[in-house]
Amino acid sequence: MSSLLVTGIAELTTWEPERPQQTDAALVVVDGRVAWHGPARQAPAADAAVDVGGAAVIPGFCDSHAHLMFAGDRSAEFAARMSGQPYQAGGIRSTVAATRAASDEQLAANLARLVAEMQAQGTTTVEVKSGYGLTVADEARALAIARQVTDETTFLGAHVVPEGSDADDYVALVTGPMLAAAAPHARWIDVFCERGAFDVDQARTVLAAGAAAGLAGRLHANQLGHGDGVRLACELALVAVDHCTYLSPADVDALAGSGTIATLLPGVEFSTRSPWPDARGLLDAGVRVALATDCNPGSSFTSSMPLCIALAVREMRMTPTEALRAATETGAAALARDDVGHLRVGAVADFAVLAAPSAIHLAYRPGVPLVTGTWRRGRPV
Ligand code: NIG
Ligand code: FE
């Protein structure tokens, strides 16, 4: 058992209830877990020490929504959108074709590159979805590859109905042989519940089949327009419902009355010129809000949680502290995890070191690479 003392912390965010953030702090890690934190002058001795030189230290980001199992490029679609074309979920099908044509090695390399980008920007936990294979073999292989890098794998066979398939036949495939092949590699099941993808009845069917196979549900809902998806997620007491761009007062009431976390994905609104979700209204109504990148080649090709924080603060009226919590502790909660996303005693020692005296700089200095070190289980990565 060896201990490591981290000193020189100008501001330490632990999310400890009595003092969520403290200045002039130190942190002790033993066996990859936080063993002590407190004022620098009271720091205990340890086997080794590292001085971060006046940096802010935050819990590693928990990016609870990302689509990293894909191949191909949709930059031309992005350029067309910036010239006035609307975002259409049908673009997913072009990534499906490229993903099916890719080798396992190519998919694994693309995944590794994106995970490395995320880590360099302070992300220590990432959820990875399938959903660009849409055949039994392609969905299963995407999840098997994703499982090599994260425990938080999500089966998203119900992303869109593939070209040439009948919707009812496809839902039967997703809930039957595809689920059977995917379930051993997945923890979660997700559905894109939206006009042009799957309706609430189909979503209910897919989530029920997933639950019977031992997969916990989460949902894409209310991204492109108003609909019943958010209320379905609340009715089913799902851990999280993601996007929440178009919400009615009844949706906000349902979220406030349930334990379901609203995961907002500001990279999508930024990249599709859609209205910003009403983060302020949700928080004021008592809803728990998480932030995630939705990293994917169509609607949000960013791997940066700091960018999402900056957008949430500037455009969605979250305070810097609310946004940081949404990107760390509440992101972890959106994955039903309480061992990460905070640095209380006992937490996994996943943290990011910032070239800044406080975490406010994440929103204050958008676009600046402030993360100078990312640590997982008490070791630099
Ligand atoms: O979360 N909304 C559905 N799926 C992705 C977009 C996928 C794509 O455009 O390729 C999303 O935004
Ligand atoms: Fe998504």
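Where is Tyr-132 found, in terms of the loop, strand and helix around it? In this predicted model, Tyr-132 turns up in the loop that runs between strand S7 (128-129) and helix H4 (136-146). The spot is well packed by count: Tyr-132 has 31 C-beta neighbours inside 10 Å, so it counts as buried, the cut-off being 20 or more. Leaving aside residues up to four places away in sequence, Tyr-132 touches Met-69, Phe-70, Thr-95, Val-96 and Thr-99.

Tyr-132 also shows up in the UniProt record. There, an unreviewed entry carries the annotation "binding site" for Tyr-132, Asn-296 and Gly-298. These positions span 167 residues in sequence, yet no two of their C-alpha atoms sit more than 11.4 Å apart, so they gather at one spot.

Gly-298, for its part, lies in another piece of the chain, the loop between strand S13 (289-291) and helix H11 (305-316). With 24 other C-beta atoms within 10 Å, Gly-298 is buried. Its contacts, again not counting residues up to four places away in sequence, are Arg-74, Glu-77, Gly-91, Ile-92 and Thr-95. Thr-95 thus appears in the contact list of Tyr-132 and in that of Gly-298.

Then there is the ligand. Ligand 1 is surrounded by 14 residues, and the closest are Ile-92, Phe-192, Asn-296, Gly-298 and Ser-299. Asn-296 and Gly-298 are therefore among the closest residues to ligand 1 as well as among the positions annotated in the UniProt record. Ile-92, one of the closest to the ligand, is also touched by Gly-298. By residue type, the shell around ligand 1 breaks down into 8 polar, 5 nonpolar and 1 charged.

Definitions and conventions
Residues numbered from 1 in each chain as written. Chains lettered and ligands numbered in written order. Predicted model: local features only at pLDDT ≥ 70, side-chain atom pairs only at ≥ 80, totals over all residues. Near = placed C-beta within 6 Å. Nonpolar A, V, L, I, M, F, W, Y, C, P; charged D, E, K, R; others polar. Helix = DSSP H or I, 4+ residues; strand = E, 2+ residues; numbered from the N terminus. Buried ≥ 20, exposed ≤ 12 C-beta atoms within 10 Å, placed from the backbone. Contact = placed C-beta atoms within 7 Å.
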